[in-house]
Amino acid sequence: MDHEIKKLSKILEEMNPYEEIFPDTKLIEEGILDSLTMVLLIGCIEKEFGIKVPEDELKISNFETMGSIMKMIRILK
């Protein structure tokens, strides 16, 4: 697991300490991310990765799994 994925994994684990989250976990489908936690996650991502997530990137498809979130982060860097 690369350094960036570890940072994202740590953020998700801190937000959901009682959930076991894997790279392919369906975050929205399994109820790990909802509208409130997604707002919190975006704030953490912006701070941790030094990026700004523009409104047009706030698509469900960008937050389905850790992989889809990392893809978005890498595009925005």
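Guide: Welcome! A helix here is a DSSP run of H or I, at least four residues long, and helices are numbered from the N terminus. Please keep in mind that this is a predicted model.

Visitor: Thanks! Which helix does S68 lie in?
Guide: S68 has a polar contact just before it in the chain: its side chain reaches the backbone oxygen of T65 at 2.9 Å. Leaving aside residues up to four places away in sequence, S68 touches S61, N62 and F63. As for its own place, S68 lies in helix α3.

Visitor: Is S68 buried or exposed?
Guide: The cut-off for buried is under 20% relative accessible area. S68 has a relative accessible area of 15%, so S68 falls on the side called buried.

Visitor: Which elements are included in what covers the buried residues of α3?
Guide: S68 has company, as the buried residues of α3 are M66, S68, I69, M70, M72 and I73. What covers these residues includes helices α1 and α2.

Visitor: Let's look at α1 against α3. How is α1 placed relative to α3, oblique or roughly parallel?
Guide: The two helices, α1 and α3, have axes 11 Å apart and pack at an angle of about 120°. Roughly parallel would need an angle under 35 degrees. The angle of α1 to α3 therefore makes the pair oblique.

Visitor: How many residues in the contact of α1 with α3 are nonpolar?
Guide: The crossing of α1 past α3 is right-handed. On the α1 side the contact uses E4, I5, L8, S9 and L12, and these meet M66, I69, M70 and R74 of α3. By class, two of the contact residues are charged, one is polar, and the nonpolar ones number six.

Visitor: And α1 with α2: at what angle do they pack?
Guide: Here helix α1 covers residues 3-15 and helix α2 covers residues 35-49. Their crossing is right-handed. The axes of α1 and α2 are 11 Å apart, and the angle is about 145°.

Visitor: How many charged residues does the contact of α1 with α2 have?
Guide: From α1 come E4, K7, L8, I11, L12 and M15, and from α2 come T37, L40, L41, C44, I45, E48 and F49. Divided by class, the contact of α1 with α2 has nine nonpolar residues and one polar, while the charged ones number three.

Visitor: Is E14 buried or exposed?
Guide: The place of E14 is in helix α1, and its C-alpha is 16 Å from that of E4, 10 residues away in sequence. Exposed calls for a relative accessible area over 50%. E14 has 55%, so E14 is exposed.

Visitor: What about the loops? Which residue's backbone nitrogen does the side chain of T25 reach?
Guide: T25 sits in the loop between α1 and α2 and is buried, with a relative accessible area of 6%. Not counting residues up to four places away in sequence, T25 touches E20, E30, I32, E64 and T65. Its side chain also makes a polar contact at 2.7 Å, to the backbone nitrogen of F22.

Visitor: One more, about V53: what is its relative accessible area?
Guide: V53 belongs to the loop between α2 and α3, the latter spanning 66-76. Beyond residues up to four places away in sequence, V53 touches I42, I45, E46, L58, M72 and L76. By C-alpha atoms, V53 is 26 Å from E20, 33 residues away along the chain. V53 counts as buried because its relative accessible area is 6%.

How values were computed: Residues are numbered from 1 along each chain as its sequence is written. This is a predicted model: local features need pLDDT of at least 70, side-chain atom pairs count only at pLDDT 80 or more; totals for chains, interfaces and linings use all residues. Side-chain values use heavy atoms; hydrogens and water are left out. Axes are lines fitted to C-alpha atoms, for helices over the stretch in contact, and angles run from 0 to 180 degrees between N-to-C directions. A crossing is left-handed if the near helix is turned anticlockwise from the far one by less than a right angle, and right-handed if clockwise. Contact means heavy atoms within 4.5 Å. Ala, Val, Leu, Ile, Met, Phe, Trp, Tyr, Cys and Pro count as nonpolar, Asp, Glu, Lys and Arg as charged, and the others, Gly among them, as polar. Buried means under 20% relative accessible area, exposed over 50%, partly exposed in between (1.4 Å probe, protein chains only). A polar contact is a pair of N or O atoms within 3.5 Å; within protein, one must be able to donate a hydrogen and the other to accept it, and residues adjacent in sequence count only if both atoms are side-chain atoms. Angles under 35 degrees count as roughly parallel, over 145 as roughly antiparallel, 65 to 115 as roughly perpendicular and the rest as oblique.
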